[in-house]
Amino acid sequence: METLEIEATETTPEIKFDFSNHSFLFGGESYPEHSDEFYRPILESIQQYSQNDSKEPATFVFKLTYFNSSSARVLMKLFELIDEMGENREINIEWHYHEEDDTMEEFGEDFSDDIENANFKLMSYSDD
């Protein structure tokens, strides 16, 4: 599969999927007017990736600073898909949040509660 890169906009996150290195990044803010439309090709590419027989560990990194409720709904679908992949291979999820952002920390905790087959790590960072 070819690398998928989508530059961040004011309302959409940066997306970098390096399928050959099994590395996936979501960064920035997510509140697109039509989140289903924005995330459809992203979810489709993850679904396609999940169907390969590779046993290589995959890492999903989330460095989101804000997302709206419609993006949260899509993220829940995404985490379900990622968790299903964890039934057959090692999956690592890194949820990055600013040390002073309790809301993003709580979202990470909530998402991690539903993950059964992947390693979910909450990672705080500071401005330093």
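**Figure 1. Leucine 75 is found in helix α2.** The model shown here and in the following figures is predicted. Leucine 75 has a relative accessibility of 1% and counts as buried, since the cut-off for that class is under 20% relative accessible area. Setting aside residues up to four places away in sequence, leucine 75 touches Phe62, Leu64, Phe67 and Phe111. For a sense of distance across the fold, the C-alpha atom of leucine 75 is separated by 18 Å from that of leucine 4. Along the chain, these two leucines are 71 residues apart.

**Figure 2. Methionine 85 is another residue of helix α2.** Helix α2 covers residues 69–85. The relative accessibility of methionine 85 is 5%, and the residue counts as buried. Its contacts, not counting residues up to four places away in sequence, are with Ile46, Tyr49, Ser50, Phe60 and Ile91. From methionine 85 to glutamate 7 the C-alpha to C-alpha separation is 26 Å, and the pair is 78 residues apart in sequence.

**Figure 3. Asparagine 68 lies in the loop between β4 and α2.** Strand β4 runs over residues 58–67, and asparagine 68 sits between that strand and the helix at 69–85. Is this loop residue buried or exposed? Asparagine 68 has 18% relative accessibility and counts as buried, because the limit is under 20%. The side chain of asparagine 68 makes a polar contact with the side chain of serine 70, at 3.2 Å. When residues up to four places away in sequence are left out, asparagine 68 touches Ser30, Tyr31 and Pro32. One of these, Ser30, belongs to strand β3 (23–30).

**Figure 4. Histidine 22 has a positive phi, near 55°.** Most residues other than glycine have a negative phi. Histidine 22 lies in the loop between β2 (14–18) and β3 (23–30). With a relative accessible area of 13%, histidine 22 is buried. Which side chain makes a polar contact with the side chain of histidine 22? The partner is the side chain of tyrosine 49, at 2.6 Å. Neighbours within four places in sequence aside, histidine 22 is in contact with Tyr49, Ser54, Glu56, Pro57, Ala58, Thr59 and Arg89. Tyr49 is also touched by methionine 85, the residue of helix α2 in Figure 2.

**Figure 5. The whole protein, as context for the close-ups, has three helices and six strands.** Their order along the sequence is β-β-β-α-β-α-β-α-β. The radius of gyration is 14 Å, close to the 14 Å that the globule rule gives for 128 residues, so the protein is as compact as a globular protein of that length. The C-alpha trace spans about 40 × 25 × 25 Å along its principal axes. Of the 128 residues, 41% count as buried; leucine 75, methionine 85, asparagine 68 and histidine 22 are among them. Of the contacts between residues at least 6 apart in sequence, 68% join residues at least 24 apart. The accessible surface comes to about 7400 Å², and carbon and sulfur atoms account for 39% of that area. The protein has 8 positive and 32 negative charges, and the mean positions of the two sets are 7 Å apart.

How values were computed:
Residues numbered from 1 in each chain as written. Predicted model: local features only at pLDDT ≥ 70, side-chain atom pairs only at ≥ 80, totals over all residues. Heavy atoms only, no water. Helix = DSSP H or I, 4+ residues; strand = E, 2+ residues; numbered from the N terminus. Rg over C-alpha atoms; globule rule 2.2 N^0.38 Å. Buried < 20%, exposed > 50% of the residue type's maximum accessible area, 1.4 Å probe, protein only. Contact = heavy atoms within 4.5 Å. Areas by Shrake-Rupley, 256 points an atom, 1.4 Å probe, with all protein chains shown as cover. Lys, Arg positive; Asp, Glu negative; His and termini not counted. Charge placed at Lys NZ, Arg CZ, Asp CG, Glu CD. Polar contact = N/O pair within 3.5 Å; in protein donor to acceptor, adjacent residues only side chain to side chain.
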